[in-house]
Amino acid sequence: MTTVGTFAPKPGAAPLPRMIAAQAALETRMLLRNGEQLLLTVVIPTLLLLLFGSVDIVDTGAGKAVDFLAPGILALAVMSTAFTGQAIATGFERRYGVLKRLASSPLPRWGLMTAKTASVLVTEVLQVVLLTVIAYALGWSPHGDPLSVLLLLVLGTAAFSGLGLLMAGTLKAEATLAAANLVFLLLLVGGGVIVPLDKFPAGAQDVLALLPITALSDGLRDVLQHGAGMPVGDLAVLVVWAVVGLAAAGRFFRWE
Amino acid sequence: MRSEPVVQVRSLVKRYGAKTAVDGLDLEAGAGVTAVLGPNGAGKTTTVETCEGYRRPDSGTVRVLGLDPVREASALRPRIGVMLQSGGVYSGARADEMLRHVARLHAHPLDVDTLIERLGLTGCGRTSYRRLSGGQQQRLALAMAVVGRPELVFLDEPTAGLDPQARRATWDLVRDLRADGVSVILTTHYMDEAEQLADDVAIIDSGRVVAQGSPEALCRGGAENTLRFTGRPGLDVGSLLKALPVDSSAGEVTPGAYRIVGKVNPQLLATVTSWCAQHGVMPDRISVERHTLEDVFLELTGKELRS
């Protein structure tokens with residue numbers, strides 16, 4: 001039981017770094033605890049890598065299948081977390097009043113968004129470690145400059161986060177769930193992840209090359225498979241998507 | 001408990017499209033517990049959510065603890081606690097996990113375990129939010145509103161759908177908050193809740209405050225009270241009326257059943273009994289009917305159903 005004075009006011013916000021760290025930790029726990037999210041972010045990329053890396057289903061051109069596949073699967077992992085997972089989770093947080101409740105807490109909105117981004121990045125690190133280990137086990141031999149790879153992953157994350165948050169902040173939660181999964185599937189097939197882009201008609205290729213998933217998988221493949229330098233064209237595509245997506249999300253996001 | 005107003009609303013107007021939800025509302029709430037009553041759609045939640053900083057006024061001013069809830073939100077938010085009407089928790093989060101998280105956002109939070117025990121949530125700390133019962137979800141939301149040791153707590157229908165035990169527990173908590181100097185603004189549909197808890201009641205209808213005062217003052221002022229007694233049929237009501245204060249009325253409702261309407265107080269009761277003594281009447285079944293807050297509420301807001 002409580003005694004007199006228990007509730008005596010003593011208000012105050014926790015230090016900002018502590019609030020953001022706590023929020024990021026909670027968001028990450030929510031994500032790792034959610035079965036559907038794990039299916040999307042861990043199980044599907046892992047299975048695709050194992051299946052297409054060990055069985056010759058799609059003609060991936062010269063060289064080992066895994067050298068073609070691993071960069072595409074890494075791009076898919078980024079999309080699954082930053083776009084699909086984040087869109088679905090945020091859509092339901094908005095629906096269940098979580099965003100509304102947090103908006104009246106001492107944590108500022110930009111702090112919440114920072115925490116969400118941190119949670120996405122932590123998840124991506126776990127994904128990259130897991131997928132890299134599997135790829136190595138399948139005989140992967142990556143090349144290239146790690147800085148280019150990092151830049152691609154970060155810009156890809158920014159581009160997909162903007163699009164995911166735009167969707168979560170404007171559509172109903174159920175619509176976000178359906179649309180985010182549909183987009184995931186379409187981009188998985190049409191974005192150069194497991195199916196080489198040159199399998200598509202020439203006209204379609206030009207359009208598909210402008211998709212963020214294509215830019216990310218193609219850029220990663222240029223560097224990791226072919227040892228190319230900074231893939232400027234792909235980075236530029238990702239920058240445009242990131243700027244447009246994040247600006248639109250900032251403009252149109254509705255908190256409840 | 002009167003002092004500086006904790007909430008001050010002046011000429012607040014809030015429209016949603018063509019609909020005017022709040023229409024020039026003035027409200028001042030001091031320290032203690034203020035209950036905001038009103039039919040559905042009266043503008044209660046809109047008013048409270050404007051105070052919480054969720055909505056921008058179309059016109060008028062709102063000050064909470066002396067601050068503008070929108071422009072000075074970052075200064076205000078640590079000082080207030082908010083309980084939403086529903087939701088507010090990650091569906092996959094466990095009850096204690098969410099409460100601990102909100103505690104971590106504050107500099108000097110309450111002890112989470114004590115609070116969990118206090119609100120009877122001990123058994124469900126490990127249960128995920130979506131598996132809690134409605135009443136448990138409400139109590140968790142209440143705990144989240146107070147864990148940061150705020151100066152002012154907003155409770156939006158805190159006992160809606162609770163069983164009687166949980167309702168009592170919530171009432172006790174509100175009383176303890178008040179005793180410890182926390183101000184509370186609560187919206188409710190339950191008149192007994194307002195009567196039990198509130199120092200001050202504001203009744204809102206059609207986007208305006210139609211009455212405000214302590215529950216006692218509202219019950220006294222809103223309508224006159226009734227005294228009834230039974231006796232011999234055919235008593236001289238005219239002579240009784242002469243003995244009563246001028247603004248009273250008296251009548252024989254059915255043979256032997258008498259009703260006096262007026263300012264019912266000890267003097268009036270004494271007048272009636274001494275009149276009976278003078279006339280050799282043994283007044284049977286004397287009863288005083290006090291107007292309840294519900295009578296006042298229905299009188300002010302009408303009896304027709306609201307959407």
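The exercises below, each with a worked solution, concern a predicted model.

Local features are given for pLDDT of at least 70 and side-chain atom pairs for pLDDT 80 or more, while totals for chains, interfaces and linings use all residues. Residues are numbered from 1 along each chain as its sequence is written, and chains are lettered from A in the order in which they are written.

**Exercise 1.** Work out how many residues of chain B are in contact with chain A, and which helices supply them.

*Solution.* Begin with the count, taking two residues to be in contact if their C-beta atoms, placed from the backbone, lie within 7 Å: 37 residues of chain B are in contact with 31 residues of chain A. Next, look for helices (DSSP runs of H or I, at least four residues, as strands are runs of E, at least two, both numbered from the N terminus). Helix H3 (95-104), helix H4 (112-118) and helix H6 (164-179) of chain B each supply at least two residues of the side that touches chain A.

**Exercise 2.** Find the residues with the most contacts inside the largest nonpolar core.

*Solution.* A nonpolar core is a set of buried Ala, Val, Leu, Ile, Met, Phe, Trp, Tyr and Cys residues joined through C-beta atoms within 7 Å, where buried means that 20 or more other C-beta atoms lie within 10 Å of the residue's own. The largest such core has 86 residues, and Met98(B) and Leu99(B) have the most contacts inside it. Helix H5 (residues 134-146) of chain B gives the most to this core, namely seven residues. Now take Met98(B): leaving aside neighbours within four places in sequence, its contacts include Tyr129(B), Leu140(B) and Met144(B).

**Exercise 3.** Establish the strand order of the open sheet of six strands in chain B, and say which strands form its edges.

*Solution.* Two strands pair if DSSP finds at least two bridges between them. The order is E5-E6-E7-E3-E8-E9, with mixed pairing, and the edge strands, each pairing on one side only, are strand E5 (80-83) and strand E9 (208-213). Inside the sheet, strand E6 (residues 152-156) and strand E7 (residues 183-188) of chain B pair in the parallel sense over five bridges, and Phe154(B) stands opposite Ile185(B) in E7(B). Finally, consider the helix H6(B), which lies across strand E3 (33-37), E6 and E7 of chain B and runs at about 150° to E7(B); here axes are lines fitted to C-alpha atoms, for helices over the stretch in contact, and angles run from 0 to 180 degrees between N-to-C directions.

Notes: Buried ≥ 20, exposed ≤ 12 C-beta atoms within 10 Å, placed from the backbone.
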